[in-house]
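Take a moment to turn the model around on your screen before reading on. The paragraphs below are meant as a walking tour for someone who has not met it before.

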Amino acid sequence: MSEPKKVQGDLVLSHITKSFADFTAVDDLSLTIPKGSFFALLGPSGCGKTTTLRMIAGLEEPTSGKISIGDTDITYTKPYDRPVNTVFQSYALFPHLTIFENVAFGLRRRGIKDVDAAVEKVLGLVELAHLKNRKPGQLSGGQQQRIALARAVVNRPALLLLDEPLGALDLKLRRQMQIELKWIQTEVGITFVHVTHDQEEAMTMADTVAVMNNGKIEQLGSPADLYESPKTVFVANFLGQSNFIDGVVESTDGSNVVANIQGTRITFPKSRNNASGSALKVGIRPEKFRLHDPGDNTHGNVLAGGKITDISFTGVSTQYLVEMPWKQELVVFEQNDGGAPDLVKGDPVTLSWEPQFTFALDGASK
Amino acid sequence: MTRWLSKNLIRIYAGLAIVYILLPIFYTIAFSFNDADKRNIVWRGFTTDAWLNPCEPIGICEALGNSFKVGLTATFFATILGTMIAFALGRYNFKGRSTTNLLIFLPMATPEVVLGASLLSMFINMGVGAGLMTVIIAHIMFCISFVVVTVKARVASLDPKLEEAARDLYANEWETFRRVTLPLVAPGIAAAALLSFSLSFDDFIITNFNSGSVNTFPEYVWTASLRGVPPQANVIGTVMFIVALAAVFAGQVVGKRKGKK
């Protein structure tokens with residue numbers, strides 16, 4: 001094999017569509033992934049994220065659109081001719097080859113000299129040099145995962161694709177690998193594109209997260225940005241939990257919006273309003289609510305007349321279900337730090353929250 | 001007594017079953033050392049004469065050579081053709097795939113007598129003289145089915161992600177096949193080849209219809225049995241048995257060593 005051309009630069013997907021016989025997996029998707037970044041494609045199964053990854057790898061051809069790295073168009077380049085390597089969900093280690101030969105596979109195909117040194121170095125990076133003469137079947141899941149990573153990283157691709165790489169590991173190992181992956185990415189400086197349905201994993205590791213749904217990108221931004229300022233109901237519910245209360249804009253007061261939600265007047269900064277019309281869906285994260293006994297001093301926005309219908313203890317916090325006078329149940333998380341009043345099922349409560357934690361979406365959005 | 005019997009019944013049964021299976025083989029081996037006269041049926045005393053002169057009876061080694069020629073040639077072509085069919089059936093979805101799947105089974109389901117007779121009439125109609133060539137063609141034909149069934153099972157168990165991984169790691173189509181697909185399917189192909197050879201080597205009915213004046217080893221034994229099978233036939237049978245046993249044993253040792261490594 002000839003060495004693929006030295007291709008460098010940002011990965012650009014422009015107007016990518018992939019249609020199968022009876023459905024469209026990816027629908028007119030455009031995306032730029034800056035060189036050297038850790039980028040996550042996050043979404044539920046069937047949202048088109050894996051298909052997108054496979055098109056970048058060259059394992060699927062887009063129905064229309066263009067994929068390029070820097071100035072080089074790679075839309076129809078064969079997978080073995082593009083500087084892209086993949087860490088497969090099932091690892092796909094070659095069972096008949098030793099760990100050493102698995103890692104050396106890509107280097108040998110490109111006819112690179114000094115395979116030994118490169119393989120030893122990358123095996124050192126994933127701390128598995130002592131297993132180089134074993135076969136993949138004799139390794140644990142976590143070790144196989146690291147070998148799959150080493151086998152891809154050793155080629156120094158312009159782009160490394162990770163397809164749910166930690167999906168098969170148990171929780172503790174997954175946490176550890178998240179930190180290791182992030183560290184390795186910083187160490188080697190390769191652009192990582194990570195596909196996952198685990199929002200926590202995406203938020204822990206990636207610099208930028210794109211939330212996908214039905215073949216389209218719903219929202220793109222930093223993890224904190226997506227969490228604090230979701231632009232759609234889907235994003236708000238996919239990353240953590242959200243309460244939505246229907247409301248209407250009454251007036252604007254300087255830099256604040258005054259709105260009426262179910263008969264109560266609230267305010268929030270204009271910058272937190274994403275609605276185009278006056279009908280609103282007002283979003284508040286469960287952990288932003290504070291619980292009070294009726295009649296207590298409160299500040300910020302206040303909703304009175306709630307009644308506790310359910311309490312469940314979850315360790316670091318307690319989850320309350322509060323039924324409001326308009327029969328909607330709101331979810332409230334309170335830290336178990338002694339700050340919340342002692343409450344039992346059936347107690348009347350008042351809710352409050354700081355205006356800047358409000359996010360308002362279009363009333364018609366779903 | 002009844003308790004002893006109920007405890008050991010399964011062992012007794014297993015022992016009898018093994019004796020039942022091994023007795024003919026033991027008989028073959030024992031009578032290769034018989035000091036036989038015309039008929040090798042009655043035990044007349046121990047000798048190694050037959051082992052020292054295995055080719056003494058006229059035509060026996062020639063027949064054995066023919067069996068090897070037919071067996072090796074038929075195995076070679078049946079394995080290649082069958083493997084290719086197995087890949088096509090196991091990997092690609094094409095029009096007529098299920099029909100092909102069904103047709104592949106037909107030679108296995110057809111009685112050998114029918115197959116042998118119809119092959120002969122076909123060769124005669126086409127003006128092809130019966131001989132080694134016609135036997136080889138007939139053997140390739142029935143071996144292919146067994147190769148396809150064996151190799152297809154192996155192809156089906158192959159994870160397509162492995163080939164994707166190879167292409168992702170800079171291996172082109174040919175390299176992917178040579179470095180990943182073929183090594184992983186190889187045990188299935190080897191098993192298919194061994195099966196083909198033993199089927200071909202053993203075959204009597206189809207061979208007898210299509211061999212003309214040429215003799216294979218099974219045909220030789222059949223013809224000789226009218227006059228009396230010489231102990232040299234037992235010698236050849238014993239050697240074949242030992243070779244097969246050694247092959248199985250070697251396969252298991254290699255398999256175990258690979259597993260341990």
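What follows goes from overall confidence to each chain, then to the places where parts meet, and ends with a few single residues.

First things first: this is a predicted model. For the complex, the predictor gives an ipTM of 0.82 and a pTM of 0.80. Chain A has a mean pLDDT of 90, with 98% of its residues at 70 or more. If you look for the weak spot among the elements of chain A, go to helix α5 (residues 171-188), where the mean confidence is lowest at 84; the highest, 96, belongs to α2(A). Chain B has a mean pLDDT of 91, and 98% of its residues get to 70 or more. Within chain B, helix α11 (residues 231-260) has the lowest mean pLDDT of the elements, 85, while α3(B) has the highest, 95.

Now for chain A itself. How many helices and strands does chain A have? There are 8 helices and 20 strands. The C-alpha trace of chain A spans about 75 × 45 × 40 Å along its principal axes. Of the 366 residues in chain A, 40% are buried. The contacts reach a long way along the sequence, too: take those in chain A between residues at least 6 apart, and 66% of them join residues at least 24 apart.

Let's head inside. In soluble globular proteins, nonpolar side chains tend to be buried together. Here, the largest nonpolar core holds 78 residues. The residues with the most contacts inside this core are I56(A), V103(A), A150(A), V153(A), L161(A), V193(A) and V211(A). Helix α4 (residues 141-153) of chain A is the top contributor to the core, giving 6 residues. For a closer look, pick V211(A) and see what surrounds it. Leaving out residues up to four places away in sequence, V211(A) touches L42(A), G43(A), I217(A), E218(A), Q219(A), L226(A), V235(A) and F238(A). There is also a second, separate core of 28 residues, and among its members are L119(B), A138(B), F146(B) and F209(B).

That brings us over to chain B, which is divided into two domains. Domain 1 is made from two stretches, 1-53 and 231-261, and domain 2 runs from 58 to 229. The centres of these two domains of chain B, taken over C-alpha atoms, are 28 Å apart. Where they touch, 6 residues of domain 1 of chain B are in contact with 7 residues of domain 2 of chain B. The domain 1 side of that contact is an even mix, with 2 nonpolar, 2 polar and 2 charged residues.

One helix pair in chain B deserves a stop. Helix α3 (residues 60-91) and helix α10 (residues 217-227) of chain B pack at an angle of about 145°, with 7 Å between their axes. Which residues make the contact? From α3(B) come I60(B), A63(B), L64(B) and S67(B), and they meet F217(B), E219(B) and Y220(B) of α10(B). Sorted by class, the residues of this contact are 5 nonpolar, 1 polar and 1 charged.

Next, see how the two chains come together. The contact takes 17 residues from chain A and 16 residues from chain B. On the chain A side, the elements giving two or more residues are β6 (84-87) and α2 (99-109). Of these, α2(A) gives the most, with 3 residues. The chain A side divides into 9 nonpolar, 5 polar and 3 charged residues.

Finally, a few residues to click on. N214(A) sits in the loop between β9 (208-213) and β10 (216-221) of chain A, and has a positive phi of about 50° although it is not a glycine. Y170(B) also has a positive phi without being a glycine, at about 70°; its place is the loop between α7 (160-168) and α8 (173-202) of chain B. Is Y170(B) buried or exposed? Y170(B) is buried, because 29 other C-beta atoms lie within 10 Å. N214(A), with 16 other C-beta atoms within 10 Å, is partly exposed. For an exposed residue, try T314(A), which has 9 other C-beta atoms within 10 Å. T314(A) lies in the loop between β16 (301-313) and β17 (317-323) of chain A. Between T314(A) and D116(A) there are 51 Å in space, C-alpha to C-alpha, and the two are 198 residues apart in sequence.

Terms used:
Residues are numbered from 1 along each chain as its sequence is written. Chains are lettered from A and ligands numbered from 1 in the order in which they are written. This is a predicted model: local features need pLDDT of at least 70, side-chain atom pairs count only at pLDDT 80 or more; totals for chains, interfaces and linings use all residues. Domain bounds come from an automatic or database domain assignment. Two residues are in contact if their C-beta atoms, placed from the backbone, lie within 7 Å. Ala, Val, Leu, Ile, Met, Phe, Trp, Tyr, Cys and Pro count as nonpolar, Asp, Glu, Lys and Arg as charged, and the others, Gly among them, as polar. Helices (H or I, at least four residues) and strands (E, at least two) are DSSP runs, numbered from the N terminus. A residue is buried if 20 or more other C-beta atoms lie within 10 Å of its own, exposed if 12 or fewer, and partly exposed in between; C-beta atoms are placed from the backbone. A nonpolar core is a set of buried Ala, Val, Leu, Ile, Met, Phe, Trp, Tyr and Cys residues joined through C-beta atoms within 7 Å. Axes are lines fitted to C-alpha atoms, for helices over the stretch in contact, and angles run from 0 to 180 degrees between N-to-C directions. pLDDT is the predictor's confidence in each residue, from 0 to 100.
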